[in-house]
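Visitor: Hi, could you walk me through this protein? I'd like to start with the big picture and then look at a few spots up close.

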Amino acid sequence: MSRLFCKIIALCIINLFVFSNSGLNLLYSAQTTEHKYTLSPRVRIIDDNLAELFQKGLAQEKTISDVTNLTELASLSNELIDLMLIATKKQDFNALDKALNRAKVVNLPGEADDQPHLFAITSGEKPNRIDLNQLSDQQIKETINNFVSKYYNMDSVEIFDRDISCLRKEKPFVFSDKQESKRIGKIYEAALASGFLGELVQITNIKRFSFDSHLADVEYLKNYVKRFNGNVTFFLSVEKSYKVLNGDGCGMATMVQAVETVLGKGFLKGKNVNLETDGGEKTRGGNWSALYAYNGAMPTPYNIPYYQRGLTTLGKMRLSHKDFGKDRIYWIASDGDYDISNLNYAGISETELENGGTWSMILHGVAEKIFEDEDKVEIFKNIRNSFEQVKNILDPEQQMKDFEQKLRTYSMINYALDRMEEKELYQLGQDFSDPDTGKLLDFREKPTLVLTLKLLEYFKTNQVIPNAFLLVYDQKSFFEQIEQYYQLIGSKRLGGYGGSYFRQIIEAQLAENEAELRGLAKKDKVPLEVVQATRKIGQEIFPIGAKGKVIAADIGAQGRFADRGKTHQLSGAFIDYMNNKKAEGISGPVLEGNFEIDPRINIIVPSGKIAVLKNVTLRTNKPITLKLEDVMFSNVDLFLSEDLSLGEGSVIVDSQWGVPTRVHGNASKIVAVGINFPKGKKMLDYNQQGSLRETKILHLYPGETVVSMDNIAGFSYLNRVLTNAPYKGETVFNIISKTYGNFENAVAAHPRLLNIPEISDQETAKKVEFIDLKNWLDDQKQPVSIRTAKWTTDYLKHFKRLGLIPEESSQAITVKEKINVLADLFSKIQIGILSMYGNGHKAEESILNNARQMIDAIDSPEFTNIMPEYIRNEIKGDLKQIIQWTGNIQNGADVGYWEAKRTAFRQKLEEIGKLVFSVKQEKNSGVSVTTIKKQDSVSFNAFNLINSAI
């Protein structure tokens, strides 16, 4: 026995020597370290082994065509996202495209360009439906308020007994004012995250505007989905570019068909499904929307991204419907800032709306009363008389001009036309509904004002409902529609053609002959067969008229819709917000959330003026006076070293700058968005002579919107545009003439914008619209238009500094702590193997127990989020082999078996050790630095999180 014991001791010493030289002993220091690590920007990465793993990942052949279920799709999505993030970091765009194309839905019928890339984004946890009957009222309230206190800057939200009763019985919530709407919205989010409402599927489409724009959106959604604890799955359909799949119906149908093609046509049926489309060109808002890439990522005035507002809005709609919207599909566009109250149609509450074939679709909007009820008879008479005088004019355009001229001779009609023009109703689709039933009678896409009046008289109503892109479908009708979109017309699916969804589904039903259908086809730039096919869908599934199945509904008397992208002011929703605050009688600073104001700053708010400071830190390196007049700050850090005086209508959003700021002129209507001067790097700007130069001062001019843009080549620059400029439809010169009277005055007011070569004189300014203005930069620092500039814009960097992707340092610490769990288990396995035969079967039991725990850990959501599937499978395979060999020893294998397997054990441990992320702390000039050693390998996502902190 003593000889055997000595032999075992000798083997242990030999193996200890072997293992210590393999570098695995580093894991021991990881498991015994108890203090927190601090990441600094000076993180060092040595990625020799990463390159090997990266190439191994690229060599994998599994594509979305090989996926058969959601678990596989989510796992493949994680793997491909990790590969694309590393490829972007390395600027290996061929590798990025190779990974992206593995997610392409190639078995979706139609042209290759119209086949999107599909990703499933989850938190990695399994959905968990909670039986509320097993919880007390107090437990429900505490669960909801734990969520509210974590994600909103408030301790709790008021929860009444009636709210608990509604949740238990799935009985509609009723709310009729803004405060109640906001309260119910928080309850919805918390209830969804807590598993009270079942699983939600949310499908979104976006364009790939740049090398990394889709990755920025993915990272945003990966962070956002965590709060829902596995109860929400985001499907992201990434379209090739702004040149393909144009139109709301096209994007909606394609993204749903992509999910159905991969996971089966029955996958979505019976589920709670939301659609939030975000696939437009994103140029209407000019330089503001270019900064965020997608409307959904842009901040509302409440400093919540529009995408999050959209999900909550649809959630409130569900809660206000019977059975919380069971067997209904909800669709919202992400470019509106909504509030809803008691939803109704023709005064009938939507809480009473039953499923069952009497309706197929509800279009929601903010009802606009064009004139008063008591004036209807006289106005209708005057409209009829005016049209009678022009009905024989054959030229339609001339007929409408003369018709308007006649109408404006009546003061009440003239007043109504002016109000309609002020509200820009001619830029919106208009629903005309039966005043008694709420059923849709007619729809026109952007009709003229006089045509709107004529239709009001025809349908004997004084109200229109401008379409606000907020829809609810009967689920059966919705999927019947989607099935039709699979049909091929020419080489494309019907769902691959662009154009106005509402024009083709609704307005096309009204066409009386083929000539009118051809006119609609021409407007949408699609073949006649497309309009004929979509018209048929409308007639069969969404018929309109008094006996139709489409409802035109109001979003409530207290409902509100502010357009993020008003063409005459890029910050429309923010200015609406400020006006609402002023209407509430606020005449001083509104300080919300955590803020710190340097005591040396005097805040001066003139009587009757408003300043809203939200989550603001204000500091300065010398005493200054900060003058605020009609200024709204949202989540802003200002580090000021010069006087700053901003005037009426100015807005500062998501900006942090630490440079002197100089305001020129009267300082009114200045919109500063996402301005961030990079530390240690140059910020480029056009000087007053129109030359591109480095600037160390932020110059602000009246009536101007300024953003700072980051390019993937590593430089930053300022982009400027007139705040009141429509981005499309009018030349720069026309806008200048209306605003400043002449070109010289405009140049004096905005020298950095109007002295650039593209519009340095009146003749060029007369030929160019703002969308075509070459005041942007590509990766070669050459002037280009917005569409060209977006391709090399660094959206990952934008999203990080805008707070849409969290800071990596805190995430990296979390990743390291998770990896240390593996390191601890691994060390115990290592020690157990070295002490085999030395302590009965305790060593074998320890190995088996810790190896199984390590497998469970690797399969847990914490690790599925930081390790690609194939890396986890390699580790698990090695561990299972160790378990098998150890089990054989435990079951009686002799020492000869151990000797035969000794080398194999060592090799397996080395393979596992290389795949486990080990860290150690070093001191470097007094700064705590995290180093990943040369012999260590890291998971793709862990690498990306830490390396991006450099």
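Guide: Happy to; we'll go from the whole chain to some strands, a helix and a few single residues. Keep in mind that this is a predicted model.

Visitor: Thanks. How many helices and strands are there in the protein?

Guide: The protein has 33 helices and 40 strands.

Visitor: And what share of the residues counts as buried?

Guide: Of the 950 residues, 58% are buried. The protein exposes about 38,000 Å², and 47% of that comes from carbon and sulfur atoms.

Visitor: What about contacts between residues far apart in sequence?

Guide: Taking contacts with a separation of 6 or more, 68% are between residues 24 or more positions apart.

Visitor: How many disulfides does the structure hold?

Guide: It holds 0 disulfides.

Visitor: I can see cysteines in the sequence, though. Is Cys166 buried or exposed?

Guide: Cys166 is buried, because its relative accessible area is 10% and the cut-off for buried is under 20%. Cys250 is buried as well, with a relative accessible area of 3%.

Visitor: Let's switch to strands. How many residues of S36 are buried?

Guide: Strand S36 covers residues 716-722, and 7 of its 7 residues are buried. Ser716, Leu718, Arg720 and Leu722 point one way from the strand, while Tyr717, Asn719 and Val721 point the other way.

Visitor: Which strands sit beside S36?

Guide: Two pairings to look at are with S35 and S32. Strand S35, residues 704-710, runs antiparallel to S36, and 7 bridges join them. Strand S32, residues 683-686, pairs with S36 in the parallel sense over 2 bridges.

Visitor: Which residues stand opposite Ser716?

Guide: From S35, Asp710 stands opposite Ser716. From S32, Met683 has Ser716 as its bridge partner.

Visitor: And what links S35 to S36?

Guide: They form a hairpin with 5 residues between the strands. Gly714 takes a positive phi there, near 105 degrees.

Visitor: Stay with S32 for a second. Where do its side chains go?

Guide: Met683 and Asp685 point one way from S32, and Leu684 and Tyr686 point the other way. All of these are buried.

Visitor: Which other strand pairs with S32?

Guide: S33, residues 692-694, pairs with S32 in the antiparallel sense over 3 bridges. The bridge partner of Leu684 in S33 is Glu694. S32 and S33 make a hairpin with 5 residues between the strands, where Gly690 has a positive phi near 90 degrees.

Visitor: Okay, helices now. How far does H8 reach from its first C-alpha to its last?

Guide: H8 spans residues 178-193, which is 16 residues, and reaches 23 Å from first C-alpha to last. That is close to the 22 Å expected at 1.5 Å a residue.

Visitor: Is H8 mostly covered or mostly exposed?

Guide: Mostly covered: 13 of the 16 residues of H8 are buried.

Visitor: What's going on at its ends?

Guide: Asp177 caps the N-terminal end of H8, with a side-chain oxygen 3.2 Å from the backbone nitrogen of Gln179. Just after H8, Gly195 takes a positive phi of about 85 degrees.

Visitor: I'd also like to hear about a couple of loop residues. Where is Ser650 found?

Guide: Ser650 is in the loop between strand S27 (644-646) and strand S28 (651-653). It is buried, with a relative accessible area of 0%.

Visitor: What does its side chain reach?

Guide: A polar atom of the Ser650 side chain lies 3.3 Å from the backbone oxygen of Ala667. The Ser650 side chain also reaches the backbone nitrogen of Ile670 at 3.1 Å. Setting aside residues up to four places away in sequence, Ser650 touches several others, among them Met578, Asp630, Val631 and Met632.

Visitor: And a loop residue out on the surface?

Guide: Try Asp155, in the loop between helix H6 (137-151) and helix H7 (161-169). Asp155 counts as exposed because its relative accessible area is 70%, and exposed means over 50%.

Visitor: What does Asp155 touch, leaving out residues up to four places away in sequence?

Guide: Asp155 touches Asn145 and Ser149. Asn145 is 10 residues from Asp155 along the chain, and their C-alpha atoms are separated by 7.3 Å.

Definitions and conventions. Residues are numbered from 1 along each chain as its sequence is written. This is a predicted model: local features need pLDDT of at least 70, side-chain atom pairs count only at pLDDT 80 or more; totals for chains, interfaces and linings use all residues. Side-chain values use heavy atoms; hydrogens and water are left out. Helices (H or I, at least four residues) and strands (E, at least two) are DSSP runs, numbered from the N terminus. Buried means under 20% relative accessible area, exposed over 50%, partly exposed in between (1.4 Å probe, protein chains only). Contact means heavy atoms within 4.5 Å. Accessible areas come from the Shrake-Rupley method with a 1.4 Å probe; for residues, only the protein chains shown count as cover. A disulfide is a pair of cysteine sulfur atoms within 2.5 Å. Two strands pair if DSSP finds at least two bridges between them. The expected span of a helix is 1.5 Å times one less than its number of residues. A polar contact is a pair of N or O atoms within 3.5 Å; within protein, one must be able to donate a hydrogen and the other to accept it, and residues adjacent in sequence count only if both atoms are side-chain atoms.
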